[in-house]
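Work through the exercises below with the structure in view. Try each task before reading its solution.

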Amino acid sequence: MDKRTTEREAVSELRDGMTIGIGGWGSRRKPMSIVREILRSSVKDLTVVTYGGPDVGLLCNAGKIKRLVYGFVSLDSIPLEPHFRKARQAGAIQAAELDEGMLQWGLLAASHHLPFLPTRAGLGSDVLAINPDIKMVRSPYPALGSSQGEELVAMPALELDVAFIHMNRGDVRGNGQYLGPDPYFDDMFCRAAKRRFMSVEKIIETAAMANEGPLQTRVINRTMVDGVIEAPGGAHFTECPPDYGRDEAFQSAYAATAKDGAAWLEFKQTYLDLENEAEYQKAVRKR
Amino acid sequence: MTQAAGSNSGSNTGKPTRGEICAVAAAEAFRGNGEILASCFGTAPAVGARLAKLTFEPDLLMTDGVCTVVDNPSPVSGPAPAPIVEAWLPFRTIFDHLWNGNRHVIMAASQIDRFGNQNFACIGPHAKPTAQLLGMRGAPGNSISHITSYWVASQTKTVFVEKVDIVSGVGYDRAAKLGPASTRGHDVRCVISNLAVYDFQTPDHRMRLRSIHPGVGIDEVVANTGFELVIEGKIPETRSPTDEELRLIREQIDPKGFLNKEVANPS
């Protein structure tokens, strides 16, 4: 089955109030061309589940997020995402802030169709106070030296309506390959979601994927993907090694716009208020 | 400015800077840890972990800050040698590793209280904070699973507080309520600031002044602490680096003296 599609078609499946997952980590291998398409759409009131980077800052800024499920939001080289901070400090989004590992656990539970997974992460911290929907569970097995079972955090499954991830290579059928140092949690995002879209730097023949990297880079198989989008530079301005590093100059300029309304307007007009991703890539090259 | 504010090209036997004292205190935090993953936030802890690994704790595991364990972690400043990669440690494996308990992390604290409850998530009410900081990150899971210490580059009463706005890293009073099974990994080892070193070796695990940096008075420590510290007997001075440690810091680990930009040297 040829699953090639476009950012526009993928985003047209979104409905107001849906829960979406975005792969990558911080300012690393984020499906930014899809995020940019969400900015162009009219969809709103999204719940976004992610290890957050500029995807979150941009979506916050555009008023797309109702609820954010996250452990952090960072630009990596700039530790605090300024547009996300601004939204938080304005009380503009509901913040389901978790321990980073709890987020993984929630995705894993959803991907295994489990209602929850137990963990100690969160115990004793205010993660539980700010997330009153997260319950505790008592182990049915007695703890060492006790007649009672240990009480643990029952991290609920983070079920997603749609997941978006970005890979270095893929084929038309939805097999995907990362060539950088870290797979992050992209496979879990796919398995936790009803609909899954994978953008890739380059679509190649299935047989050619063997020439790109070792077997262990082939973390996404076609049962995990409903649509494949060829998006060269699609992770820009986040990093996507070995194809490209983070565009630090661009990221700095983006971050600086949080403090300056005029600068934001110029950034928005130059890079976001564009017809499509091709226009964005053209604008980036023109700098 | 002081002799060390810029580069470290000067002598290796001169008076150590406050930053160098802090780095040695951070190195000492890892003493006895053996073969364990050492993770750091901040410059002084990063220098300290490297110093410990190069001297008395050679078996420490350190990452490149991304996803590989490297036997020769890159210096905090200056040119880095080609990495000698020991293992692959992507983020998902980091969680496996830390929940397994084999780690000592030194995290930053925007606020910390007398029982070692730490906050670096946000200041003010969580629903609408006056300052959104890092978020919970891995602090809840870290602090409940393995050895955790904290680094405060500039100690004031707004950092050492009576009550933190939100608990990211779990302190001793909260851990005690969870019972022994849940907290088998909980061990808030120490707090290092620009003024002193603190631990929790008291009957009810209240923060105790463990040692005071050379040139700092107890009155200065107390004036910059927003709760009552346990101060017992004569407080020792935080040890100064040896000549060899100073040489390692200034020539190998931090030749550009980033340490002295993070920690102001008293004039």
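A crossing is left-handed if the near helix is turned anticlockwise from the far one by less than a right angle, and right-handed if clockwise. This is a predicted model, where local features need pLDDT of at least 70, side-chain atom pairs count only at pLDDT 80 or more, and totals for chains, interfaces and linings use all residues. Residues are numbered from 1 along each chain as its sequence is written, chains are lettered from A and ligands numbered from 1 in the order in which they are written, and side-chain values use heavy atoms, with hydrogens and water left out.

**Exercise 1. Describe how α2(A) and α10(A) pack, and give the handedness of their crossing.**

Solution.
- Step 1: find the helices. Helices (H or I, at least four residues) and strands (E, at least two) are DSSP runs, numbered from the N terminus. In chain A, α2 covers residues 32-40 and α10 covers residues 277-286.
- Step 2: take the angle. Axes are lines fitted to C-alpha atoms, for helices over the stretch in contact, and angles run from 0 to 180 degrees between N-to-C directions. Here the angle is about 115°, and the axes lie 10 Å apart.
- Step 3: classify. Under 35 degrees counts as roughly parallel, over 145 as roughly antiparallel, 65 to 115 as roughly perpendicular, and the rest as oblique. The two helices are therefore roughly perpendicular.
- Step 4: give the hand. α2(A) passes α10(A) in a right-handed crossing.
- Step 5: list the contacts (heavy atoms within 4.5 Å). A:Ser33, A:Arg36 and A:Arg40 of α2(A) meet A:Glu277, A:Tyr280 and A:Gln281 of α10(A).
- Step 6: sort by class. Ala, Val, Leu, Ile, Met, Phe, Trp, Tyr, Cys and Pro count as nonpolar, Asp, Glu, Lys and Arg as charged, and the others, Gly among them, as polar. This contact has one nonpolar, two polar and three charged residues.

**Exercise 2. Do the same for α1(B) and α2(B).**

Solution.
- Step 1: α1 (residues 18-29) and α2 (residues 43-54) of chain B pack at about 55°, with axes 7 Å apart.
- Step 2: that angle makes α1(B) oblique to α2(B).
- Step 3: the crossing of α1(B) past α2(B) is right-handed.
- Step 4: the residues from α1(B) are B:Cys22, B:Ala23, B:Val24, B:Ala26 and B:Ala27; they meet B:Ala44, B:Pro45, B:Val47, B:Gly48, B:Leu51 and B:Ala52 in α2(B).
- Step 5: by class, this contact has ten nonpolar, one polar and no charged residues.

**Exercise 3. Which strands stand at the edges of the three-stranded sheet in chain A?**

Solution.
- Step 1: write the order. The open sheet runs β5-β7-β6, with antiparallel pairing (two strands pair if DSSP finds at least two bridges between them).
- Step 2: find the edges. β5 (116-119) and β6 (135-142) each have a single partner strand, so one side of each is left without a neighbour in the sheet.
- Step 3: add the twist. It averages 45° from one strand to the next.
- Step 4: check one pair. β5(A) and β7(A), residues 149-156, are antiparallel over four bridges. A:Pro118 has A:Ala154 in β7(A) as its bridge partner.

**Exercise 4. Trace the six-stranded sheet of chain B.**

Solution.
- Step 1: the order is β1-β4-β9-β10-β11-β12, with mixed pairing in an open sheet.
- Step 2: β1 (37-40) and β12 (208-212) stand at the edges.
- Step 3: β4 (residues 103-108) and β9 (residues 147-152) of chain B pair in the parallel sense over five bridges. B:Met107 has B:Tyr150 in β9(B) as its bridge partner.
- Step 4: α2(B) packs on the sheet, touching β1, β4 and β9 of chain B.
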